[in-house]
Amino acid sequence: MPRQNILTGSPWEDKMGYCRAVRIGNIVEVSGTVAIVDGEIVKADDAYAQTNNIIERISKVLEEAGVSLKDVVRTRIFTTDITKFDDIARAHGAYFGEIKPTTGIYEISKLVSPDYLVEIEFTAVVE
């Protein structure tokens with residue numbers, strides 16, 4: 001089966017040797033993704049906005065792989081503050097309320113920057 005690597009131009013892709021997503025056959029795996037925190041739209045203390053930003057951006061990555069959010073079968077959510085669960089769940093539910101992929105949410109001690117509260121991985125399977 002051919003492999004399709006989806007790159008976004010992030011400098012981290014070359015530095016770490018990874019890509020945003022990989023599609024092989026009918027499976028698409030998306031790397032852990034954090035929000036683009038710019039102080040205006042997505043603030044470092046806003047877990048809802050960060051989760052929303054991540055899912056919006058990954059929706060575009062999935063389209064490039066030939067799939068959509070409706071094909072997502074699993075999300076893995078990592079947060080540095082589990083007390084933000086309701087905000088994270090509200091944003092996740094806005095996109096996946098009808099789709100209902102399996103998911104897990106895990107509190108971890110740190111992400112790559114203290115500005116990030118949320119990181120999400122996605123798995124999609126094309127029917």
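Here are a few exercises with worked solutions on this structure, which is a predicted model.

**Exercise 1. The sheet**

Work out in which order the strands sit in the sheet, and which strands form its edges.

Solution:
- Start with the order: 6 strands line up as S1-S2-S3-S6-S4-S5 in an open sheet with mixed pairing.
- Now look for strands that pair on one side only: these are S1 (3–6) and S5, the edge strands.
- For the geometry, the twist averages 10 degrees from one strand to the next.
- Zoom in on one pair: S3 (residues 27–34) and S6 (residues 118–125) run antiparallel and are joined by 6 bridges. One residue pair to check is Glu 29, whose bridge partner in S6 is Thr 123.

**Exercise 2. Helices across the sheet**

Find which strands helices H2 and H3 lie across, and give an angle for each helix.

Solution:
- Take H2 (residues 47–64): it lies across S1, S2 (21–24), S3, S4 (72–79) and S6, and its angle to S6 is about 30 degrees.
- Then take H3, which lies across S4, S5 and S6 and runs at about 160 degrees to S4.

**Exercise 3. Salt bridges**

Track down the salt bridges and say how buried or exposed each partner is.

Solution:
- The count to reach is 3 salt bridges.
- Asp 71 bridges to Lys 70, with the closest N and O atoms 3.4 Å apart. Asp 71 is buried because its relative accessibility is 7%, under the 20% cut-off. Lys 70, at 60%, is exposed.
- Glu 121 pairs with Arg 76, the closest N and O atoms being 3.8 Å apart. Glu 121 sits in strand S6 and Arg 76 in strand S4, so this salt bridge ties together parts 45 residues apart in sequence. Both count as partly exposed: Glu 121 has a relative accessible area of 25%, and Arg 76 comes in at 23%.
- Arg 90 and Asp 87 meet at 3.4 Å, N to O. Both are in helix H3, 3 residues apart, which is about one turn of the helix. Arg 90 is partly exposed at 47%, and so is Asp 87 at 28%.

**Exercise 4. Surface and backbone**

Locate a nonpolar surface patch, then a residue other than glycine with positive phi.

Solution:
- The patch consists of Trp 12, Met 16 and Val 112, with about 370 Å² of accessible area together. Trp 12 belongs to helix H1 (residues 11–16) and is partly exposed at 41%.
- For the backbone, go to Lys 100, where phi is near 55 degrees. Lys 100 lies in the loop between H3 (85–96) and S5 (102–107), and its relative accessible area of 61% makes it exposed.

Conventions
Residues are numbered from 1 along each chain as its sequence is written. This is a predicted model: local features need pLDDT of at least 70, side-chain atom pairs count only at pLDDT 80 or more; totals for chains, interfaces and linings use all residues. Side-chain values use heavy atoms; hydrogens and water are left out. Helices (H or I, at least four residues) and strands (E, at least two) are DSSP runs, numbered from the N terminus. Buried means under 20% relative accessible area, exposed over 50%, partly exposed in between (1.4 Å probe, protein chains only). Patches are made of residues with over 30% relative accessible area and no salt bridge: like charges are joined within 9 Å, nonpolar side chains (Val, Leu, Ile, Met, Phe, Trp, Tyr) within 5 Å. Accessible areas come from the Shrake-Rupley method with a 1.4 Å probe; for residues, only the protein chains shown count as cover. A salt bridge is a side-chain nitrogen of Lys or Arg within 4 Å of a carboxyl oxygen of Asp or Glu. Two strands pair if DSSP finds at least two bridges between them. Axes are lines fitted to C-alpha atoms, for helices over the stretch in contact, and angles run from 0 to 180 degrees between N-to-C directions. Contact means heavy atoms within 4.5 Å.
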